[in-house]
Amino acid sequence: MVVLSENVLLEFKPRFEKSLENLPITVVSRSTAIVNESEYPVKFDFITETLVDYKKQVVTTNIIKIEGTIPGSIKIGALLVVPQHLYITCEYEILSITNNELKTLIQNENPMLLYSNWLLEAIENETLVLEVKTDTGQTVDWPVGIKNAYFL
């Protein structure tokens with residue numbers, strides 16, 4: 001286990017957290033919505049928050065807001081999800097790094113770029129479960145696979 005000095009992390013913390021504060025990311029789901037027999041991508045905007053805990057020696061990024069619109073209907077088995085706007089506040093941990101990754105990050109010439117790449121990769125490998133409404137008025141869980149993610 002790599003242990004970094006508190007001073008190194010305390011120096012790194014404000015610069016890093018400030019740069020990643022309320023970071024907006026757009027994601028495109030693997031699902032598409034049907035509108036007038038045409039397929040449209042379903043996009044969501046994420047706002048993230050990144051915290052550096054110098055005592056535990058960990059950097060964690062949480063998704064704190066998810067907002068997006070399902071522009072048309074989506075079939076989930078026998079259910080039909082209807083067009084709707086979603087706005088969710090949450091604290092969903094998407095990336096956490098410790099030890100060797102943290103050392104690599106701090107020693108990197110461009111730690112923001114490296115961490116940003118790790119963050120986008122973590123998002124693209126995630127499946128979120130969102131509650132959505134169907135044509136029957138039910139609320140169902142929709143597993144959202146992420147096709148790609150990018151910074152706004």
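How far apart should the ends of helix 3 be, given its 14 residues at 1.5 Å each?

## Helix 3, end to end

Helix 3 should span 20 Å, and its end C-alpha atoms do sit 20 Å apart, so expectation and model agree. Keep in mind that this is a predicted model.

Quite a bit of helix 3 is tucked away: Pro-111, Leu-114, Tyr-115, Ser-116, Leu-119, Leu-120, Ala-122 and Ile-123 are buried there.

## The sheet

Now for the strands. Six of them make an open sheet, ordered 6-3-2-1-8-7, with antiparallel pairing. Strand 6 (84-98) and strand 7 are the edge strands, each pairing on one side only. Ignoring direction, neighbouring strands in this sheet are turned against each other by 35 degrees on average.

At the strand 7 edge, seven bridges tie that strand to strand 8, and the two run antiparallel. Helix 2 (residues 99-107) lies across strand 3 and strand 6, at about 95 degrees to strand 6. Helix 3 packs on the sheet too, touching strand 1 (23-35), strand 2, strand 3, strand 6 and strand 8. The direction of helix 3 makes about 150 degrees with that of strand 8.

## Aromatic pairs

How many aromatic pairs turn up? The count comes to two. One is Phe-44 with Trp-142, a tilted pair with 6.2 Å between centres and 55 degrees between planes. This pair brings together distant parts of the chain: Phe-44 belongs to strand 2 (residues 38-53) and Trp-142 to strand 8 (residues 139-151), 98 residues apart. Phe-44 has a relative accessible area of 2%, so it is buried. Trp-142 also counts as buried, because its relative accessibility is 2%.

The other pair is Tyr-115 with Trp-118, an edge-to-face arrangement at 6.4 Å centre to centre, with 70 degrees between the planes. Here the partners share an element: both lie in helix 3 (residues 111-124), three residues apart, or about one turn of the helix. Is each ring's residue buried or exposed? Tyr-115 has 0% relative accessibility and therefore counts as buried. Trp-118 comes out at 22%, so it counts as partly exposed; the cut-off for buried is under 20%.

## Asn-62 in strand 3

Asn-62 sits in strand 3 (residues 58-70). Is Asn-62 buried or exposed? With a relative accessibility of 7%, Asn-62 counts as buried. What does its side chain reach? It gets to the backbone nitrogen of Glu-93, at 3.4 Å.

Setting aside neighbours within four places in sequence, Asn-62 is in contact with Ile-47, Thr-48, Glu-49, Glu-91, Tyr-92, Glu-93 and Ile-94. Glu-93, the residue whose backbone nitrogen the Asn-62 side chain reaches, is thus one of the names on that contact list.

## Lys-133 in strand 7

Over in strand 7 (residues 127-133) we find Lys-133. Which residue is its bridge partner in strand 8? That would be Thr-139.

Lys-133 also has a partner from elsewhere in the chain: its C-alpha atom is separated by 5.9 Å from that of Val-81, although the two residues are 52 apart in sequence. Leaving out neighbours within four places in sequence, the contacts of Lys-133 are Leu-80, Val-81, Val-82, Gln-84, Gln-138 and Thr-139.

Terms used: Residues are numbered from 1 along each chain as its sequence is written. This is a predicted model: local features need pLDDT of at least 70, side-chain atom pairs count only at pLDDT 80 or more; totals for chains, interfaces and linings use all residues. Side-chain values use heavy atoms; hydrogens and water are left out. Rings of Phe, Tyr and Trp (its six-membered ring) pair if their centres lie within 6.5 Å; planes under 30 degrees apart count as stacked, over 60 as edge-to-face and the rest as tilted. Helices (H or I, at least four residues) and strands (E, at least two) are DSSP runs, numbered from the N terminus. Buried means under 20% relative accessible area, exposed over 50%, partly exposed in between (1.4 Å probe, protein chains only). A polar contact is a pair of N or O atoms within 3.5 Å; within protein, one must be able to donate a hydrogen and the other to accept it, and residues adjacent in sequence count only if both atoms are side-chain atoms. Contact means heavy atoms within 4.5 Å. The expected span of a helix is 1.5 Å times one less than its number of residues. Two strands pair if DSSP finds at least two bridges between them. Axes are lines fitted to C-alpha atoms, for helices over the stretch in contact, and angles run from 0 to 180 degrees between N-to-C directions.
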